[in-house]
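Thanks for making the time, everyone. I would like to walk through one structure this morning, going from how its helices meet to a couple of individual residues, and I will try to keep to what the coordinates support.

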Amino acid sequence: MLSAEKIQSNWDRYISVIETSFSKERTDILLPFLDKYKERMMMMPASSKNWHHSAFAGGYTDHVLRVYDCANELYKTWK
């Protein structure tokens, strides 16, 4: 389980990653969508099946950030 503070922190980082990693054309479309569905997206689990990983409130954003961090580490390793 994630605390409310961690869920908010993950969301803020998720938005920051999008703002700094995507082109303006993409962020112009994506950010308004994410803002519209912020509460739903922020609390969304990564899976609806409770036996899957990250199947808890805030699990989707937590999972995306972990994959992002892992991909960056692999990129640095192979670079």
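Let me start with a crossing, namely that of helix 1 over helix 4, which is left-handed; please keep in mind throughout that we are looking at a predicted model. On the helix 1 side the contact is made by Asn10, Trp11, Arg13, Tyr14, Val17 and Ser21, while helix 4 brings Tyr60, Thr61, Asp62, Val64, Leu65, Tyr68 and Asp69. If we sort the residues of this contact by class, we find seven nonpolar, three polar and three charged. As for the geometry, helix 4 covers residues 59-78, and helix 1 packs against helix 4 at an angle of about 50°, the axes being 9 Å apart. With that angle, helix 1 is oblique to helix 4.

Leu65 deserves a word of its own here, since Leu65 touches Asn10, Arg13, Tyr14 and Val17, once residues up to four places away in sequence are not counted.

Now to the second pairing, where helix 1 meets helix 2, which runs over residues 24-36: these two pack at an angle of about 165°, and their axes lie 10 Å apart. How, then, are helix 1 and helix 2 oriented to each other? They are roughly antiparallel, because the angle is over 145 degrees. The contact draws on Trp11, Tyr14, Ile15, Ile18 and Glu19 from helix 1, and on Thr27, Leu30, Leu31 and Leu34 from helix 2. By class, this contact has seven nonpolar residues, one polar and one charged. The crossing of helix 1 with helix 2 is again described as left-handed.

That brings me to the interior. In soluble globular proteins, nonpolar side chains tend to be buried together. Here, the largest nonpolar core has ten residues, namely Ile7, Trp11, Tyr14, Ile15, Val17, Ile18, Leu34, Met41, Met42 and Leu65. At least two residues of this core come from each of helix 1, residues 4-21, and helix 3, residues 38-43, and the largest share, six residues, is supplied by helix 1.

Two residues outside that core list are worth a closer look. Met43 lies in helix 3, and with a relative accessibility of 41% this residue counts as partly exposed. Setting aside neighbours within four places in sequence, Met43 is in contact with Ile7, Phe56, Ala57 and Gly58. The C-alpha atoms of Met43 and Ala55 are separated by 11 Å, the two residues being twelve apart along the chain.

Gly59, by comparison, is found in helix 4, and is it buried or exposed? Its relative accessibility is 0%, so Gly59 counts as buried. Not counting residues up to four places away in sequence, Gly59 touches Met44, Pro45, Ala46 and Ser54, whereas from Leu30, which is 29 residues away in sequence, Gly59 is 20 Å apart in space, C-alpha to C-alpha.

To finish, let me step back to the whole chain, whose secondary structure comes to four helices and zero strands, in the pattern α-α-α-α along the sequence. The chain has 79 residues, of which 23% count as buried, and the C-alpha trace spans about 35 × 35 × 20 Å along its principal axes. Finally, among contacts between residues at least 6 apart in sequence, 41% join residues at least 24 apart.

Terms used: Residues numbered from 1 in each chain as written. Predicted model: local features only at pLDDT ≥ 70, side-chain atom pairs only at ≥ 80, totals over all residues. Heavy atoms only, no water. Core = buried A, V, L, I, M, F, W, Y, C linked by side-chain atoms within 4.5 Å. Buried < 20%, exposed > 50% of the residue type's maximum accessible area, 1.4 Å probe, protein only. Contact = heavy atoms within 4.5 Å. Axes fitted to C-alpha atoms, helices over the stretch in contact; angles between N-to-C directions. Parallel < 35°, antiparallel > 145°, perpendicular 65-115°, else oblique. Left-handed = near helix turned anticlockwise from the far one by under 90°. Nonpolar A, V, L, I, M, F, W, Y, C, P; charged D, E, K, R; others polar.
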